[in-house]
Amino acid sequence: MSGGMENRSPPFWPGPRRMGGPGAAAGAAGGRSPFPASMMHDEPQVARDDVIKGTDDDAIISKLYVLILSTAQSAVNLGYLDDPFVKHFVKRPSRRPPLINRGSYIRTRSLDAFTERFIKSDIPPRSTAVATTTTAPTSATTQSASSPTTTITATTPTPEGVKKQIVSLGCGSDTRYFKFKARGLSAQKYFEVDFPESTAKKAVVIKKNKALTDIIGDPDLKLGMGGTELYSKDYCLLSGDLREFTESIVPKLKAQGFDTSLPTLFLSECVLIYIQPGDSDAIVDWVGTNMDASLFVVYEQINPTDAFGAMMLRNLKARQIELPGIHAYPSLKSQEERFTSRGWQAAGAVNMNNLHESLSDQELKR
């Protein structure tokens with residue numbers, strides 16, 4: 001997925017759960033040997049999976065280059081991405097076009113904003129909320145990211161001691177857990193899920209870097225499942241396949257302390273769009289039915305039939321990358337309906353123009 005979300009209206013819609021119906025959020029992924037799941041797919045599907053896994057390298061390299069650009073421009077923090085941990089996950093930084101850098105900036109800042117306000121805010125028990133963050137490819141060249149103060153406003157400060165969870169689907173090399181905990185912002189438990197090949201690489205990087213293990217701060221931090229998983233008191237890296245969410249990922253989450261009664265933020269950053277709509281719908285359904293209080297943030301491409309969208313799909317196809325979900329949910333309205341049609345209490349979706357318009361003059365000048 002890719003894209004940015006936010007609206008003039010608040011993306012948090014806390015309220016009572018619908019009587020007799022679903023009402024929360026989702027997140028996770030399932031496996032391959034030693035997780036048999038992946039091995040059950042045919043060879044062409046395995047090949048497609050390999051291509052999808054490679055997109056994480058593109059994303060993390062782009063993110064690092066944005067950081068390099070911002071620090072080179074001035075010793076003063078201009079408000080661009082500030083991530084001292086991303087360098088541990090990049091072997092060979094490479095130059096990226098401005099369009100890619102802008103997209104990485106928007107994508108990262110918007111999800112960071114949601115995450116921060118979720119951690120700081122209170123979601124009443126037995127409530128449901130969904131925020132769909134999407135990007136119109138036609139607006140990608142002109143957008144920037146909104147600050148946390150412009151994203152989530154319909155919440156109150158979280159009382160000290162309130163437990164919360166975060167689940168990052170298809171986490172790749174994302175460093176959000178480390179960034180936020182370094183700032184003193186953390187959830188009761190932060191779960192990350194991705195293919196075993198991806199989590200194995202991430203687990204190795206984390207274990208060998210003291211800067212990362214110090215942030216986790218758990219002397220009992222340990223590897224599991226053949227080195228593809230990590231377990232600690234407040235951070236858990238799990239391996240799996242999103243297409244087998246209920247049968248594979250949910251049991252893994254629960255085995256590591258996942259609690260369906262806790263307010264939970266599910267992050268899907270350029271992930272659900274890579275799997276078949278039936279599989280992503282199953283995640284949305286499970287979360288809506290089983291969670292008591294949650295927020296689901298989705299960040300995806302839309303508008304596949306306009307000029308920019310068609311060009312994007314051609315370029316992706318040339319790299320053997322497909323987006324199975326883009327035609328099922330090609331518009332802002334359909335992104336909202338994927339949730340509301342499954343019993344979610346509320347959903348909102350906007351494109352990156354809204355992000356741009358919400359920026360201050362100072363932010364625009366940068």
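Which residue of β7 is the bridge partner of S168? Here are some notes to help you find your way around.

1. **Confidence.** Please keep in mind that this is a predicted model. The protein chain has a mean pLDDT of 74, with 64% of its residues at 70 or more. Two stretches call for some care. Over residues 1–43 the pLDDT stays under 50, and the model has 199 contacts beyond four places in sequence for them. Residues 137–159 are also below 50, and this stretch has 80 contacts in the model beyond near neighbours in sequence.

2. **The opening question.** The bridge partner of S168 in β7 is L267. That pair belongs to a longer match: strand β2, residues 165–169, and β7 are paired in the parallel sense over 5 bridges.

3. **The other neighbour of β7.** β7 also runs parallel to β8, and 6 bridges join these two strands. Here F266 has F296 of β8 as its bridge partner. F296 counts as buried because its relative accessibility is 0%, below the 20% cut-off. Although F296 and L267 are 29 residues apart along the chain, their C-alpha atoms are separated by 6.3 Å.

4. **How enclosed is β7?** Since 6 of the 6 residues of β7 are buried, this strand is largely enclosed by the rest of the structure. In a regular strand, side chains alternate between the two faces of the sheet. In β7 both faces are covered: T264, F266 and S268 are buried on one side, and L265, L267 and E269 are buried on the other.

5. **The largest nonpolar core.** This core has 33 residues, and I166, F178 and I206 are the ones that touch the most other members. Elements that each supply at least two of its residues include α3 (98–120), α5 (196–208), β7 (264–269) and β8 (294–301). Helix α3 gives the most, with 5 residues. It is a pattern worth knowing: in soluble globular proteins, nonpolar side chains tend to be buried together.

6. **A closer look at I206.** Leaving aside residues up to four places away in sequence, I206 touches F89, F178, L212, T213, I216, L230 and Y235. Apart from the largest core lies another core, of 27 residues, with L238, I275, M291 and W344 among them.

7. **Annotated positions.** An unreviewed UniProt entry places the feature "binding site" at R107, G170, D241, L242 and E269. You can find R107 in helix α3, and D241 in the loop between β6 and α7. E269 has already appeared above, as one of the buried residues of β7.

8. **D241 in its loop.** Is D241 buried or exposed? D241 is buried, because its relative accessible area is 1%, under the 20% cut-off. The side chain of D241 is joined to that of R243 by a polar contact of 2.6 Å.

9. **Helix α7.** After that loop comes α7, residues 245–255. Its buried residues include F245, S248, I249, V250, K252 and L253. An α-helix has 3.6 residues a turn, so residues three or four places apart point the same way. Among the elements covering the buried residues of α7 are β3 (189–194), β5 (229–231), β6 and α8 (277–290). Following α7 you will meet G257, which has a positive phi, near 95°.

Technical notes. Residues are numbered from 1 along each chain as its sequence is written. Side-chain values use heavy atoms; hydrogens and water are left out. A nonpolar core is a set of buried Ala, Val, Leu, Ile, Met, Phe, Trp, Tyr and Cys residues joined through side-chain atoms within 4.5 Å. Buried means under 20% relative accessible area, exposed over 50%, partly exposed in between (1.4 Å probe, protein chains only). Helices (H or I, at least four residues) and strands (E, at least two) are DSSP runs, numbered from the N terminus. Contact means heavy atoms within 4.5 Å. UniProt positions are given in the numbering used here, feature names are shortened, and annotations may be inferred rather than shown by experiment. A polar contact is a pair of N or O atoms within 3.5 Å; within protein, one must be able to donate a hydrogen and the other to accept it, and residues adjacent in sequence count only if both atoms are side-chain atoms. pLDDT is the predictor's confidence in each residue, from 0 to 100. Two strands pair if DSSP finds at least two bridges between them.
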